[in-house]
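Please work through the following exercises with the sequence and the coordinates at hand. Each task is followed by a worked solution.

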Amino acid sequence: MTSTKKQTQVRLEEDVLAAGKAAAAARRLDFNKYVERLIIEDTTGARAAGMAAAQRLIDEHGAFLDDLEQQLDAPHRQTQPGAAE
């Protein structure tokens, strides 16, 4: 099965374009592939399903995750010798 790609032009504010390129780079994607994935996720419901799954995780295990975060942060909250309090 061959895929025929079409070219289109999109006008974006400079800061939006920069943020998109940075997000694509962080995911090790080129900008076109990043935009393509965003559109696919949005139009197929994949993004909504992922967000719903994340919310269920938070709802079911949020207290545990909060406790874990506090435990992991505790050593960094202790004052260091000579540090201002």
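The exercises below concern a predicted model and treat salt bridges, one aromatic residue and a charged surface patch.

**Exercise 1. Determine how many salt bridges the structure holds, and describe how their partners are connected.**

Step 1. A salt bridge requires a side-chain nitrogen of Lys or Arg within 4 Å of a carboxyl oxygen of Asp or Glu. The structure holds two such pairs.

Step 2. One of them joins lysine 5 to glutamate 36, with the closest N and O atoms 3.2 Å apart. This pair links distant parts of the chain: lysine 5 belongs to the segment before helix H1 (14-26), glutamate 36 belongs to helix H2, and 31 residues separate them.

Step 3. Lysine 33 also forms a salt bridge with glutamate 36, at an N to O distance of 3.2 Å. Because lysine 33 and glutamate 36 are three residues apart in helix H2, about one helical turn separates them.

Step 4. Through shared partners, the salt bridges join Lys5, Lys33 and Glu36 into one network.

**Exercise 2. Classify lysine 5, lysine 33 and glutamate 36 by their relative accessibility.**

Step 1. The class "exposed" applies over 50% relative accessible area and "buried" under 20%, with "partly exposed" in between.

Step 2. Lysine 5 has a relative accessibility of 59%, so this residue is exposed.

Step 3. Lysine 33 has a relative accessible area of 35% and is therefore partly exposed. Glutamate 36, at 27%, is likewise partly exposed.

**Exercise 3. Locate phenylalanine 31 and describe its surroundings.**

Step 1. Phenylalanine 31 is part of helix H2, which covers residues 31-44.

Step 2. Its relative accessibility is 24%, so phenylalanine 31 counts as partly exposed.

Step 3. When residues up to four places away in sequence are left out, phenylalanine 31 touches Leu12, Leu17, Gly20, Lys21 and Ala24.

Step 4. For one of these contacts, lysine 21, the C-alpha to C-alpha distance to phenylalanine 31 is 5.7 Å, while the two residues lie ten residues apart in sequence.

**Exercise 4. Identify which residues form the negative surface patch, and characterise aspartate 66.**

Step 1. The patch consists of Asp66, Asp67, Glu69 and Asp73.

Step 2. Aspartate 66 is located in helix H3, residues 46-77.

Step 3. Patch residues must have over 30% relative accessible area and no salt bridge. The relative accessible area of aspartate 66 is 45%, which means that this residue is partly exposed.

Note on methods:
Residues numbered from 1 in each chain as written. Predicted model: local features only at pLDDT ≥ 70, side-chain atom pairs only at ≥ 80, totals over all residues. Heavy atoms only, no water. Patch = residues over 30% accessible without salt bridge, like charges linked within 9 Å, V, L, I, M, F, W, Y side chains within 5 Å. Areas by Shrake-Rupley, 256 points an atom, 1.4 Å probe, with all protein chains shown as cover. Lys, Arg positive; Asp, Glu negative; His and termini not counted. Charge placed at Lys NZ, Arg CZ, Asp CG, Glu CD. Helix = DSSP H or I, 4+ residues; strand = E, 2+ residues; numbered from the N terminus. Buried < 20%, exposed > 50% of the residue type's maximum accessible area, 1.4 Å probe, protein only. Contact = heavy atoms within 4.5 Å.
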